[in-house]
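Student: Before we accept any descriptive word about this model, could we go through the reasoning behind each one?

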Amino acid sequence: MTITRVAIIGLSANAKTSWAAAGHLPYLLSTRGRQHFKITALLNSSTEAAQKAIEKYLPNETGVKAYGNPDDLAADPEVDLVVTSTRVDTHYDLTLPSIKAGKVPYIEWPLAQDAKHAEELQNALTRQRKSIVGLQGRYVPLFEKIEALVAEGKIGKVLSSELRAFGGTFDRETLTNKLDYFTDKRIGGNPITIGFAHCKSTSISTIGSANNH
Amino acid sequence: MFDQLQSVLGQVSDIQSITQIQRPNVKFIDDAGTVTRTVATNVPDLLHLSGRLANSATAVPDAIVSVYFRRGQPFKGQDSFTWTVNGEKGEIRLTARNTTFLGGQQDPGEVHFQVHDYATDELEDITAEWEDWQNEFDYAAAKAIASVYERYLNDEPVPTFAEAAALHRQLEQILQ
């Protein structure tokens, strides 16, 4: 069985909890996940930060490299798939070298800070062109079930649909200090691009500042 | 949330949107909950959009999709998420008390998932469960992300950069 070698960008030992840890590690470190995937590298803001993350999250893993520079990660032949879970406006710079090097990218939503950068990342995909974006909400069974009900004709043809939602953040008036970028459209990560487009997450605050990965 | 709607019903086009910044001064709080500063925001906290579903075998031409999204809590005691898909013979309704995202880390609270069949005028409860192996993981996020990895392994469709770029373009249009 071929093992896909995985690098994670943004598994931070600093944050109280980490989205990458809560979302990705459960499967990757499970018996089932280990049949097909092995974590071989972490990229953080420095090799020291990566080393701390290895000690915190992967103490029983062997052969995990610590990188502080996206070009060094891109040059590592023992990485096939690169998972990125950092503040949205850092995605582009952190992932472009690996994408150009032909590694398969798995980037959390939003893909980039704006459509222009998202398109550039898409265009940078090499010939094999595989890519993954963290829009995993599609695979929640409730939604798959609605799709199945419609497909089987349970309600006949769809005439219309209404969605009414309150969320994006916990509170209508406040934000935690860690989410200061939520008030600036240019950063690209805010209650609309994240909460409306995809999800609200209790751990969004842990994706944190641009430098803290 | 909008991505999940489109994933189920198809792409929404001809989108007209209207946004508002209801609360222009956002209060930032520290871990203790104390307000440390107030910042003016340029990000809307109220969004309403309408559009039409693309022609498809499962929808009538020009089916309207309507979305209302307000940042923060709902009216006290009411649901955070209500989605209806209205059809010729009946309609589907999915609600969640606590969250708009049913694939995250938060407990959704009370969830109601029903079909109203017009012919019988009956309500039918619908269930949809994760697979046993996915229930090994605590959070819906971890279960859903596990699905992504397995779909990738099995060469099944996964959300791609092309789809993400298209969603980005839609959002820029919506937020204009």
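Tutor: Chain A of this predicted model contains nine helices and eight strands.

Student: What makes chain A as compact as a globular protein of that length?

Tutor: The radius of gyration of chain A is 18 Å, and the globule rule gives 17 Å for 213 residues, so the two values are close and chain A counts as compact in that sense. Along the principal axes, the C-alpha atoms of chain A fill a box of roughly 55 × 45 × 35 Å. Of the 213 residues in chain A, 63% are buried, where buried stands for under 20% relative accessible area.

Student: Why is α7(A) called roughly antiparallel to α3(B)?

Tutor: Helix α7 (residues 115-124) of chain A packs against helix α3 (residues 161-174) of chain B at an angle of about 165°, with the axes 9 Å apart. Angles over 145 degrees count as roughly antiparallel, and therefore α7(A) is given that description relative to α3(B). The crossing of these two helices, α7(A) and α3(B), is left-handed.

Student: Which residues make the contact, and what classes do they belong to?

Tutor: On the α7(A) side the contact is made by A115(A), A118(A), E119(A), L121(A) and Q122(A), while α3(B) contributes F161(B), A162(B), A165(B), H168(B), R169(B) and E172(B). By class, the contact of α7(A) with α3(B) has six nonpolar, two polar and three charged residues.

Technical notes
Residues are numbered from 1 along each chain as its sequence is written. Chains are lettered from A and ligands numbered from 1 in the order in which they are written. This is a predicted model: local features need pLDDT of at least 70, side-chain atom pairs count only at pLDDT 80 or more; totals for chains, interfaces and linings use all residues. Side-chain values use heavy atoms; hydrogens and water are left out. Axes are lines fitted to C-alpha atoms, for helices over the stretch in contact, and angles run from 0 to 180 degrees between N-to-C directions. Helices (H or I, at least four residues) and strands (E, at least two) are DSSP runs, numbered from the N terminus. Angles under 35 degrees count as roughly parallel, over 145 as roughly antiparallel, 65 to 115 as roughly perpendicular and the rest as oblique. A crossing is left-handed if the near helix is turned anticlockwise from the far one by less than a right angle, and right-handed if clockwise. Contact means heavy atoms within 4.5 Å. Ala, Val, Leu, Ile, Met, Phe, Trp, Tyr, Cys and Pro count as nonpolar, Asp, Glu, Lys and Arg as charged, and the others, Gly among them, as polar. The radius of gyration is taken over C-alpha atoms; the globule rule is 2.2 Å times the number of residues to the power 0.38. Buried means under 20% relative accessible area, exposed over 50%, partly exposed in between (1.4 Å probe, protein chains only).
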